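Trainee: Got a minute to go through this one with me? I'd like to start with how the helices pack.

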Amino acid sequence: MKQPGWQSLLSFSILFLACLAGFSSRLFAVIRFESIIHEFDPWFNYRSTHHLTTNGFYEFLNWFDERAWYPLGRIVGGTVYPGLMVTAGLIHYVLNLLHITVHIRDVCVFLAPVFSGLTAISTFLLTRELWNQGAGLLAACFIAIVPGYISRSVAGSFDNEGIAIFALQFTYYLWVKSVKTGSVFWTIGCCLSYFYMVSAWGGYVFIINLIPLHVFVLLLMQRYSRRVYIAYSTFYIVGLVLSMQIPFVGFQPIRTSEHMAAAGVFALLQAYAFLQYLKDRLTRQEFQTLFFLGVSLAAGMVFLTVIYLTYTGLYVRLLTCYAKIHIPIIASVSEHQPTTWVSFFFDLHILVCTFPAGLWFCIKNINDERVFVALYAISAVYFAGVMVRLMLTLTPVVCMLSAVAFSSVFEHYMGDDTKREKPPEKAEEGLGPNIKSIVTMLMLMLLMMFAVHCTWVTSNAYSSPSVVLASYNHDGTRNILDDFREAYYWLRQNTDEHARVMSWWDYGYQIAGMANRTTLVDNNTWNNSHIALVGKAMSSNESAAYQIMRSLDVDYVLIIFGGVIGYSGDDINKFLWMVRIAEGEHPKDIRESDYFTPQGEFRVDKAGSPTLLNCLMYKMSYYRFGEMQVRRGALTPPGFDRTRNAEIGNKDIKFKHLEEAFTSEHWLVRIYKVKKLDNREPLDHKLRSVVPKQKYTSKKVPLMLGGEFALQVWRDSFRFS
Amino acid sequence: MFGKLSISLFVLIIFYHDLSDAQKKKETLLSEKVTQMMEWASKRSVIRMNGDKFRRFVKAPPRNYSVLIMFTALQPQRQCGVCRQADEEFQVLANSWRYSSAFTNKVFFASVDFDEGSDVFQMLNMNSAPTFLHFPSKGKPRKSDTYELQVRGFAAEQLARWVADRTDVQIRIIRPPNYAGPLLLGFLLAAIGGLAYLRRHNLEFLFNKSVWAFSALCFVLIMTSGQMWNHIRGPPYAHKNPSTGQVSYIHGSSQAQFVAETHIVLLFNAAVTMGMVLLCEAATSDMDIGKRKIMCVAGIGLVMLFFSWLLSIFRAKYHGYPYSFLMS
């Protein structure tokens, strides 16, 4: 390319196409179903955004949600990262100013795909700073379609991660830029981007640890320069002040251990700069004595601080962080599991094998900003190995480094030998056009396979709204199972506005968002004992559960039951977690071993443990199911559970305190009404004659009887005396 | 009358004497047993028993202590791997009790090996090991005195909960700290320090980029092949089908993996990476053209071969995945 104009036009159009591809490959769910919010957490975000747009920003910040965590309520304004809601609200506001009247729901649904385009652009910028323009364009194409990022940013997945990855990449771009130039302008830009990141996602902790690590390693490598000093000092101070403006973060940056590394590196950098300054001013001898004095003083200070911290119990807190992993409620979330190699390959495909090559090239040709990307890769790959959901932070760096690897191959093999001007002595050393074109062809084929894989994964694994289910018949026609919304709208239309609905915490946000009813627990699992109480009610027998439900003012109970259609994510399959969480808080009343057979199996058929067969969750799931013949040939007996492939063990289920209120079309959602306390049963005594034979005045007998009978007797005696 | 009285008195005295004699005998027997048990317990926290000892100290009636017995088969020819692990946990439990401040003669821990006391196994009609039984100080063992090994596992903490449930003795599990990790780390650090000291005049190797790049690559490859999952979940190395004797190195489901499998994947990933590096080296190095051509062909061969192999393994695990390349 001789003219730079052509080059920039080409870059621009490639970037534009990458954004477009990224946007459109995230629309599978919208095209197949409709413009709908997905899953669980997005429903809460949507509800808060709705609240923000209808009531204004200040009302949102002060919002106390009395419809969640009944009877405790939740302070929403102070316990969310507001960046997502504010972004969506702002876009909605601007569009309405321009008289483009879209509903807030559509803004929310399409926010993540739009931001994926921005992510592609910021990845391009960052990779261009690290390597070159060609690698940048490849990286932009990779990140636009890679499944590891699509998994969190399909249309309708209105979640923090969707915008946070853009903020993450943009902050890193500005940081690399400011280390390269040493200008305060870029650093302030970096701080503002960091502020946006803090307001959007709790993963900002990754940034505030990675950047200090970068500075620290630069110091160790003796790559200290004024540029680094200016960039980090400005970033730390301004970034700290800005991050503390988010109500949910508050004073955490100067209190908690996650942020201490940043402060420590800041102090170290100042000391280092001061020493450098002294070195210029003093003689060698003076400097040495001063240096030793300074080092011993610093060592003493560190020693004293450690002792102080040990006594104030910081270390205890640091250690208890580890204990959190073993709490059942955290272990029960499937995202908090370690990662198998299959998930790495599934989410990254060819990139997972090639990105070490990019890392190799970066380290072999090291400079300040490549130190950064190497550290980014190593730390992100560690976190992704520990927890599946952190694959998200690994994906951008994998795209960048793979792009580096591919682009260095293409750089050498794609160029045309005959046209390029070369020094004459290297002319006969070319690899020859045949080998070159074969290598290029094969590499392009790999990339094509990557694109096909990404589309397949996006379409098959990551585009289900999980609010609406679809099943396919043998001839390819599709059945839509819309039971969730059916049930939630039933609740919305047929129950009292202030009715309280008990369900397992997974469905809390959806009930609040779609049915607009008060819930007891929801996906913001901040109160373990409250959740344990709900778990205890679900796993006790009916009369014990009724007492708990009475004390929590429950009006309706909602459960998910998949036995009719073979839906595996239902409440019976989650039931052991309810038992475990309940056992954690009430070990006297609930024991996990009671729910197993003596052989240690969890069975719902006749061989199942009697405790299981009589607990509330079992009874609610299988109430009247024993009469039902699931259509699957005549071979299966009535009451055959398709999810667990067993005929249920307790077909004769009767309720005393509950009644069935609603069951959806495919029995997926079942709602029960909790009856109020009965009227007191009348005593069945004969009508007495008007004139009593003797007065009944004994005061002793009633005291010995139970309270209720005593009252009756006392009334009788009052009437006749 | 007097004679009658004296006779009855005599009988009473004799009877009383006899009774108190039996009582005393019983008490001495009991105290003998307890001191014997204490002596054994002071020697080793888990008392090893054979058939005679078991009948005398556990089965025979005068007893005011509970005994927790592990029935096991530790001889190597029995090939009971679970027994060994269970034995370690049981030792941890017994030691925690033995060296705690609350140690009394209320509870003793003992073990019966199948090869030393097979008659006990027959007597209790037991045909599987390991089994944990509790013999309460009073009365017969009930159903809940058999530990549910299948359900609760044999972790010392679970055993301690069961013991607390059965005997009201709370045991706080204290595991002996594992010195192997820190020792190894210290050794490694010492080795590195020694190396640095020996070569203190020439610290160039610290600035060798290839070393750093190589170690970074190793770390990344270890992580992406799922070694962390292995570390946390502890899967078996490979699965041997007991009926056919076939060994499978690849787990059939995408939710789990064997250790062998992750090693294979690690190698494949490394091969693809090496192929990419070779391709670039072939184009940029200043060796003679023949060698460079070989490097180039080897590079593209490595990338293609191992990637398609990896893809076929992935396809075997992820059912319903439609694409493959070179190999199905």
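Mentor: Sure. Start where the chains meet: helix 19 of chain A and helix 10 of chain B are oblique to each other, because their axes cross at roughly 45°. Keep in mind that this is a predicted model.

Trainee: How close do the axes of helix 19 of chain A and helix 10 of chain B come?

Mentor: Within 7 Å. Helix 19 covers residues 350-364 of chain A, and helix 10 covers residues 259-284 of chain B.

Trainee: Is the crossing of helix 19 of chain A and helix 10 of chain B left-handed or right-handed?

Mentor: Right-handed.

Trainee: Which residues meet there, in helix 19 of chain A and helix 10 of chain B?

Mentor: From helix 19 of chain A, C353(A), T354(A), P356(A), A357(A), W360(A) and F361(A). Facing them in helix 10 of chain B are N269(B), V272(B), T273(B), M276(B), V277(B) and C280(B). By class, that contact has nine nonpolar, three polar and no charged residues.

Trainee: Zooming out, how many residues of chain B and of chain A are in contact?

Mentor: 59 residues of chain B touch 55 residues of chain A. The two chains bury about 5200 Å² between them. Carbon and sulfur atoms account for 79% of that area.

Trainee: How many salt bridges are there between chain B and chain A?

Mentor: One. R161(B) pairs with E583(A), with N to O at 3.7 Å.

Trainee: And how many salt bridges over all chains?

Mentor: 33. Take E34(A) and R485(A): their closest N and O atoms are 2.8 Å apart.

Trainee: Why single out E34(A) and R485(A)?

Mentor: E34(A) sits in the loop between helix 2 and helix 3 of chain A, while R485(A) is in helix 23 of chain A, so the pair ties together parts that are 451 residues apart in sequence.

Trainee: Back to helix 19 of chain A. How does helix 20 of chain A cross it?

Mentor: At roughly 145°, with the axes within 9 Å. Helix 20 of chain A spans residues 368-386. This crossing of helix 19 and helix 20 of chain A is left-handed.

Trainee: Which residues make the contact of helix 19 with helix 20 of chain A?

Mentor: F355(A), L359(A), C362(A) and I363(A) come from helix 19 of chain A. Helix 20 of chain A supplies R370(A), V373(A), A374(A), A377(A) and V381(A). The classes there are eight nonpolar, no polar and one charged.

Trainee: What about helix 5 and helix 6 of chain A?

Mentor: Helix 5 (residues 83-97) and helix 6 (residues 104-130) of chain A have axes within 10 Å, crossing at roughly 110°. That makes the two helices roughly perpendicular. Helix 5 of chain A passes helix 6 of chain A in a right-handed crossing. Helix 5 of chain A contributes L84(A), T87(A), A88(A), I91(A) and H92(A). Helix 6 of chain A contributes I104(A), V107(A), C108(A), L111(A) and F115(A). The tally is eight nonpolar, two polar and no charged residues.

Trainee: New topic: backbone. Is the peptide bond from Y70(A) to P71(A) cis or trans?

Mentor: Cis, with omega near 0°. P71(A) lies in the loop between strand 1 (64-65) and strand 2 (74-75) of chain A.

Trainee: And what is the phi of E39(A)?

Mentor: Positive, about 45°, although E39(A) is not a glycine. Most residues other than glycine have a negative phi. E39(A) is in the loop between helix 2 and helix 3 of chain A.

Methods. Residues are numbered from 1 along each chain as its sequence is written. Chains are lettered from A and ligands numbered from 1 in the order in which they are written. This is a predicted model: local features need pLDDT of at least 70, side-chain atom pairs count only at pLDDT 80 or more; totals for chains, interfaces and linings use all residues. Side-chain values use heavy atoms; hydrogens and water are left out. Axes are lines fitted to C-alpha atoms, for helices over the stretch in contact, and angles run from 0 to 180 degrees between N-to-C directions. Helices (H or I, at least four residues) and strands (E, at least two) are DSSP runs, numbered from the N terminus. Angles under 35 degrees count as roughly parallel, over 145 as roughly antiparallel, 65 to 115 as roughly perpendicular and the rest as oblique. A crossing is left-handed if the near helix is turned anticlockwise from the far one by less than a right angle, and right-handed if clockwise. Contact means heavy atoms within 4.5 Å. Ala, Val, Leu, Ile, Met, Phe, Trp, Tyr, Cys and Pro count as nonpolar, Asp, Glu, Lys and Arg as charged, and the others, Gly among them, as polar. Buried area is the accessible area (1.4 Å probe) that two parts lose on being put together, summed over both. A salt bridge is a side-chain nitrogen of Lys or Arg within 4 Å of a carboxyl oxygen of Asp or Glu.
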